[in-house]
Amino acid sequence: MDFHPTSRSSPTAESSFQVKTGQHEESARNTTSDSDSDSDTDLSESRVSKPRDTDCANSGRGSLWIFIDRDQVNHNYPTGIPDDIYQQPTFYLTKVIRNSKRISNWAKRFLSENSARQIEMGHDFDGEEPIIKRYTRGEQMAALKEVLLSLLTEGYSERDIAILYGKEDCIPERKYLCSQLNLPEVVDAYGNDSECVLVSTFRKYSGLERPLVILVNIAASLPYRSAPNASIYCAITRAMVKVVSLEERKGQKRKHQHYK
């Protein structure tokens with residue numbers, strides 16, 4: 001595998017993933033974690049090299065791209081990925097293409113100011129306004145059922161929807177969930193291509209996407225020692241078109257609220 005970096009550019013933040021090649025070099029450069037991880041480091045702290053596409057095209061050879069997600073906790077087996085100091089050269093994806101503009105703009109609130117400025121949109125699709133719906137303690141399932149029914153009535157299909165929780169122990173037992181939501185079946189992150197509603201944690205769903213994502217009390221149920229802003233950014237950016245955040249009510253607030 002040949003790889004010929006020729007120019008340098010500042011990494012920017014869609015940063016769903018950190019992209020690296022397997023080429024070994026003797027010297028190491030500083031790198032930053034991707035935005036799906038629990039690091040809130042500014043992406044501008046490292047500079048990186050970019051490939052020259054014409055070299056690969058002219059030679060008939062290609063490049064192997066390895067997408068690294070350091071917090072993908074359900075992949076706990078050896079991967080064969082070299083140590084960081086040998087994963088050179090490194091560069092970051094430069095544009096947001098997964099998320100609509102409205103979702104991206106909401107998610108950027110959870111990045112540092114410097115990182116947020118570096119995000120570029122790779123399209124002009126606005127999508128739908130993110131919505132927050134608050135519920136009274138003990139009424140989470142009723143609120144989730146109401147939102148799900150409303151979305152299906154709007155025309156979304158079951159295969160469009162992912163329901164994401166903060167931790168595994170926050171997810172109700174599957175049979176109970178199906179009975180309460182009137183669903184024949186739900187799948188986990190491994191079933192992302194299925195026709196069913198998907199239910200998972202935001203970490204296990206890292207790197208995947210669906211048109212519509214329902215976040216269930218994410219901010220109040222993050223895993224131990226999680227970086228809140230980076231975790232919420234990861235969860236929000238699983239949605240392509242629309243995101244609905246269910247949050248336990250604190251005090252007297254409106255039932256529905258659109259983010260401006």
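Which residue in β13 is the bridge partner of Val-213? Here are some friendly notes on the model, starting with that pairing.

1. The bridge partner of Val-213 in β13 is Val-243. That pair belongs to a larger match: strand β12 (residues 210–216) and β13 run parallel and are joined by six bridges. After β12 the chain passes through helix α6 (residues 228–236) before it enters β13, and this β-α-β crossover is right-handed.

2. Please keep in mind that this is a predicted model. The chain has a mean pLDDT of 76, with 61% of its residues at 70 or more. The part to read with care is residues 1–54, where pLDDT stays under 50. The model does have 182 contacts beyond four places in sequence for that stretch, but the confidence there is under 50 throughout.

3. For an overall view, the chain has six helices and 14 strands. It counts 260 residues, of which 47% are buried. Among contacts with a separation of 6 or more, 77% are between residues 24 or more positions apart. The chain exposes about 13500 Å², and carbon and sulfur atoms supply 48% of that area.

4. Back to β13, which has a further partner. Strand β8 (residues 131–135) pairs with β13 (residues 239–248) in the parallel sense, over five bridges. If you would like one pair to look for on screen, Ile-132 has Ser-245 as its bridge partner in β13.

5. How many of the nine residues of α6 are buried? The count is seven, and the helix is mostly covered. The buried residues are Ala-230, Ser-231, Ile-232, Tyr-233, Cys-234, Ala-235 and Ile-236. Their cover includes α2 (101–108) and β9 (161–165), along with β12 and β13. The two strands that α6 links in the crossover are thus also part of what covers the helix.

6. Ser-100 deserves a look as well. This residue is in the loop between β6 (95–96) and α2, and it counts as buried because its relative accessibility is 0%. Leaving aside neighbours within four places in sequence, Ser-100 is in contact with Met-121, His-123, Phe-125, Asp-126, Gly-127, Glu-128, Met-240 and Val-241.

7. One of those contacts, Asp-126, can be followed further. Asp-126 lies in the loop between β7 (120–121) and β8. Is Asp-126 buried, exposed or partly exposed? Asp-126 is partly exposed, because its relative accessible area is 37%. Not counting residues up to four places away in sequence, Asp-126 touches Ser-100, Lys-101 and Arg-102. There is also a link in space to consider: the C-alpha atoms of Asp-126 and Lys-242 are separated by 10.0 Å, while the two residues are 116 apart along the chain.

8. Finally, two asparagines are worth checking for their backbone angles. Asn-182 has a positive phi of about 55°, although it is not a glycine, and Asn-217 has a positive phi near 50°. Where do they sit? Asn-182 is in the loop between α5 (174–181) and β10 (186–187), whereas Asn-217 is in the loop between β12 and α6. Asn-182 is exposed, because its relative accessible area is 58%. Asn-217 counts as buried, because its relative accessibility is 14%.

Conventions
Residues numbered from 1 in each chain as written. Predicted model: local features only at pLDDT ≥ 70, side-chain atom pairs only at ≥ 80, totals over all residues. Heavy atoms only, no water. pLDDT = per-residue confidence, 0-100. Contact = heavy atoms within 4.5 Å. Pairing = 2+ DSSP bridges. Helix = DSSP H or I, 4+ residues; strand = E, 2+ residues; numbered from the N terminus. Right-handed = clockwise from strand over helix to strand, strands pointing away. Buried < 20%, exposed > 50% of the residue type's maximum accessible area, 1.4 Å probe, protein only. Areas by Shrake-Rupley, 256 points an atom, 1.4 Å probe, with all protein chains shown as cover.
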